[in-house]
Amino acid sequence: MTGASVSALLRQTPGVPVDLSCLDPAATPGFSGGKKRAGREVAALGDPLAELHTRLQAASTAGARDRLLLIVQGTDCSGKDGVGRHVVSLLEPMWSRSVAFVKPTEEELRHNFLWRIRKELPVAGQVAVFNRSHYEDVLVVRVHNLASPEIWQGRYEEINRFERRLAAEGVRLVKLMLHISPEVQLKRLTARLSDPTKLWKYNPGDFDERSFWPRYVDAYEVALSRCTGPDAPWYIVPADHKWYRDWAVAHLLLEALQAIGPEYPPADFDLAAERARLDGEGAVSAPPTRHAVRRA
């Protein structure tokens with residue numbers, strides 16, 4: 001990677017309307033190379049990502065409130081699941097969690113749209129990944145007229161207030177919009193029908209949704225424009241190339257954790273005394289050797 005950080009290259013500027021037609025979904029900002037090189041570089045980020053994540057968890061044991069929430073949005077076949085398999089898997093599994101927000105249940109529909117989101121937020125030291133999120137309530141709901149305009153129009157500011165509160169509570173938000181072209185989506189849908197191992201992923205409704213592509217573009221542009229800010233930025237990730245998508249998301253995660261800057265906490269006990277106790281125990285009652293055990 002050369003030049004500016006990936007965060008700086010992909011972050012959307014608050015107050016500037018988003019026009020997705022001006023953003024090439026096949027672009028590779030910040031990266032020069034191909035699939036093999038991208039794969040090697042993503043793999044090389046595994047150790048630093050795991051180290052930072054371990055520090056994040058360790059700091060939480062001493063009272064630090066920091067945690068990270070990765071929100072992944074995109075049309076069908078944009079790679080939301082792929083991000084989980086190839087990038088999020090690099091983190092420490094004990095302190096990671098992934099949540100896929102599908103069609104709301106009857107119980108969820110009886111509550112405010114943020115109710116089910118609040119239940120899944122990360123705790124201190126944790127990284128949570130939302131595959132779809134509260135933004136579905138200004139995307140799908142808007143595209144398919146599932147609520148009146150008066151309802152979904154008011155949700156933009158409600159989302160902004162919600163995300164400002166999260167940031168104030170120590171949640172670092174990284175919001176991704178995986179940007180693909182309709183041509184690439186069609187290619188990936190077709191590939192699912194040609195691979196018996198991927199038939200389970202194919203939903204005839206995914207093809208039907210393609211007829212709403214222009215409406216989804218409009219809905220995304222409004223959400224990206226109205227719900228971005230210094231504490232809750234959107235990053236638009238060109239995703240026609242899966243290998244670039246993974247490379248970019250891995251770097252965004254790394255940069256977000258580096259920005260938090262977690263550190264291992266100091267010991268909250270007398271370190272010298274504990275070392276002396278262990279040294280003394282070892283001198284007094286050293287465990288028998290293997291040969292001594294055999295003779296016994």
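Helices, taken as H or I runs of at least four residues, and strands, taken as E runs of at least two, come from DSSP and are numbered from the N terminus. The model shown in these views is predicted.

**Overview of the chain.** The chain has 15 helices and five strands. Its C-alpha trace spans about 80 × 45 × 40 Å along the principal axes. Of its 296 residues, 43% count as buried. Among contacts between residues at least 6 apart in sequence, 82% join residues at least 24 apart. The chain exposes about 15,700 Å², and carbon and sulfur atoms supply 55% of that area. There are 39 positive and 37 negative charges, and their mean positions lie 4 Å apart. The count of salt bridges comes to 13, and the following views include some of these pairs.

**Close-up of Glu51 and Arg55 in helix α3.** Arg55 and Glu51 form a salt bridge, with 3.4 Å between the closest N and O atoms. This distance meets the rule because a salt bridge needs a side-chain nitrogen of Lys or Arg within 4 Å of a carboxyl oxygen of Asp or Glu. Helix α3 covers residues 46-60, and the two residues are four apart in it, so about one helical turn separates them. Glu51 is partly exposed, at a relative accessible area of 32%. The pair belongs to a network of salt bridges that links Glu51, Arg55 and Glu263.

**Close-up of the salt bridge between Glu157 and Arg164.** The side chains of Glu157 and Arg164 meet at 3.0 Å, N to O. Each partner is partly exposed: Arg164 has a relative accessibility of 48%, and Glu157 has one of 35%. Side chains of opposite charge can pair when their charged atoms come close.

**Close-up of the salt bridge between Arg245 and Asp246.** In this pair the closest N and O atoms are 2.9 Å apart. Arg245 and Asp246 are both buried. Arg245 is also among the contacts of Pro238 and of Ala239, which appear in later views.

**Close-up of a positive surface patch.** Lys35, Arg85, Lys198 and Lys242 gather on the surface in a patch of positive charge. Arg85 belongs to helix α4, which runs over residues 80-86.

**Close-up of Cys77 in the loop between β1 and α4.** Strand β1 covers residues 67-74, and Cys77 lies in the loop between this strand and helix α4. Its phi is near 75°, a positive value in a residue other than glycine. Most residues other than glycine have a negative phi. Cys77 counts as buried, at 9% relative accessibility.

**Close-up of Asn145 in the loop between α7 and α8.** Helix α7 covers residues 140-143 and helix α8 covers residues 149-153, with Asn145 in the loop between them. Asn145 is not a glycine, yet has a positive phi of about 55°. At 55% relative accessibility Asn145 counts as exposed, whereas Cys77 of the previous view is buried.

**Close-up of Pro238 in strand β5.** Strand β5 covers residues 234-238 and includes Pro238. Pro238 is buried, with 7% relative accessibility. Its C-alpha lies 5.9 Å from that of Ala26, although 212 residues separate the two in sequence. Leaving aside neighbours within four places in sequence, the contacts of Pro238 are Leu10, Asp24, Pro25, Ala27, Pro29, His179, Tyr244 and Arg245.

**Close-up of Ala239 in the loop after strand β5.** Ala239 lies in the loop between β5 and helix α13, which covers residues 242-260. At 0% relative accessibility, Ala239 counts as buried. Ala239 and Asp24 are 215 residues apart in sequence, and their C-alpha atoms are 9.4 Å apart in space. Not counting residues up to four places away in sequence, Ala239 touches Pro25, Ser78, Leu178, His179, Ile180, Arg188 and Arg245. Pro25, His179 and Arg245 are also found among the contacts of Pro238.

Conventions: Residues numbered from 1 in each chain as written. Predicted model: local features only at pLDDT ≥ 70, side-chain atom pairs only at ≥ 80, totals over all residues. Heavy atoms only, no water. Buried < 20%, exposed > 50% of the residue type's maximum accessible area, 1.4 Å probe, protein only. Patch = residues over 30% accessible without salt bridge, like charges linked within 9 Å, V, L, I, M, F, W, Y side chains within 5 Å. Areas by Shrake-Rupley, 256 points an atom, 1.4 Å probe, with all protein chains shown as cover. Lys, Arg positive; Asp, Glu negative; His and termini not counted. Charge placed at Lys NZ, Arg CZ, Asp CG, Glu CD. Contact = heavy atoms within 4.5 Å.
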